[in-house]
Amino acid sequence: MKEIENNQWIANYRTDQPHFGLERMVELLALRGNPHLKLKVIHIGGTNGKGSTIAFLKKMLEKLGLRVGAFSSPYLIHYTDQISINGESIPEAKLETLMADYQSLLEGEAVANLQGTTEFEIITAIAYDYFASEQVDVAIMEVGMGGLLDSTNVCQPILTGITTIGLDHVALLGDTLEAIAEQKAGITKQGIPLVTGRIASEALAVIDRIAEGKDAPRFAYGTDYQVSHQKSVVTGEVFDYTSSLRQGRFQTGLLGLHQIE
């Protein structure tokens with residue numbers, strides 16, 4: 001029962017008190033040939049709305065004929081839930097092989113810099129590894145917690161997005177919207193476009209400051225694009241979208257006014 005053994009092995013790296021930082025991820029992925037740097041990544045952070053945003057984005061890119069990898073967290077039943085390509089979960093056999101590879105690395109002799117590696121770091125590294133080996137056209141990576149020190153934040157993305165800012169994980173990220181926004185905005189990269197959702201002004205000011213400091217072009221809700229709800233139907237919400245790039249009437253595939261945003 002190799003699958004059960006691997007699940008038990010990676011569960012040993014689960015912790016409620018992780019030591020945040022990207023050093024271990026950088027080291028771990030370097031030992032695997034830096035697969036994360038071979039990918040075109042769209043990096044999505046925020047408090048709420050990440051899952052829906054990724055679902056919509058994934059479908060739009062697939063409709064363009066692209067091969068799209070998606071990583072989300074946490075898993076619902078099994079680790080395979082977190083990693084998919086065009087809606088197909090990573091095969092269990094492939095996951096088992098990658099887990100065995102990482103187990104060999106972490107249990108090897110030269111792992112001094114990898115002490116304290118966490119379960120989430122391992123599964124994130126596996127996602128990058130899998131997407132690179134499968135040569136996806138784009139990988140959509142969901143931030144696990146925060147952004148600045150999150151394990152996913154080792155990538156060099158082509159686009160970043162911050163959906164919303166709310167008071168989440170205050171013990172780790174800070175107890176004000178401004179403090180949390182600073183952590184979430186940590187995914188912003190030099191010169192890389194950033195899309196922001198409907199965010200309170202005090203949090204948005206922090207994000208704007210960080211984006212400006214990195215010369216990151218920003219596309220903001222309510223300023224650069226607007227939406228207006230038209231009606232609810234059985235299968236979703238009908239809305240108008242307007243921006244300098246495009247305008248039109250569209251319908252979501254999910255119910256709820258928040259899905260429009």
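**Reading Thr-163, two sheets and a helix pair**

The side chain of Thr-163 reaches the backbone oxygen of Asn-48 at 2.6 Å, a polar contact (a pair of N or O atoms within 3.5 Å; within protein, one must be able to donate a hydrogen and the other to accept it, and residues adjacent in sequence count only if both atoms are side-chain atoms).

Biologist: On what basis should such values be read?

Modeller: This is a predicted model, in which local features need pLDDT of at least 70 and side-chain atom pairs count only at pLDDT 80 or more, while totals for chains, interfaces and linings use all residues. Residues are numbered from 1 along each chain as its sequence is written, and side-chain values use heavy atoms, with hydrogens and water left out.

Biologist: Does Thr-163 count as buried or exposed?

Modeller: Buried means under 20% relative accessible area, exposed over 50%, and partly exposed in between (1.4 Å probe, protein chains only). Thr-163 counts as buried because its relative accessibility is 10%. Thr-163 is found in the loop between E6 and helix H6 (170-173); helices (H or I, at least four residues) and strands (E, at least two) are DSSP runs, numbered from the N terminus. Leaving aside neighbours within four places in sequence, its contacts (heavy atoms within 4.5 Å) include Ile-44, Lys-50 and Arg-198.

Biologist: What is the order of the eight strands in the open sheet?

Modeller: Two strands pair if DSSP finds at least two bridges between them. The order is E4-E3-E2-E5-E1-E6-E7-E8, with mixed pairing. Strand E4 (88-89) and strand E8 (218-220) are the edges, each pairing on one side only. Strand E1 (residues 41-45) pairs with strand E5 (residues 138-142) in the parallel sense over four bridges, and Ile-44 stands opposite Glu-142 in E5.

Biologist: How do H7 and H8 pack?

Modeller: Axes are lines fitted to C-alpha atoms, for helices over the stretch in contact, and angles run from 0 to 180 degrees between N-to-C directions. Helix H7 (residues 177-184) meets H8 at an angle of about 35 degrees, with axes 8 Å apart. Among the residues making this contact are Leu-177 and Ala-181 of H7, and Val-206 and Ile-210 of H8. Helix H8 (residues 201-213) also lies across strand E6 (159-162), strand E7 (194-196) and E8, running at about 170 degrees to E7.

Biologist: Which strands form the open sheet of three?

Modeller: The order is E9-E10-E11, and the pairing is antiparallel. E9 and strand E10 (residues 236-243) pair over eight bridges, with Val-233 opposite Gly-236 in E10.
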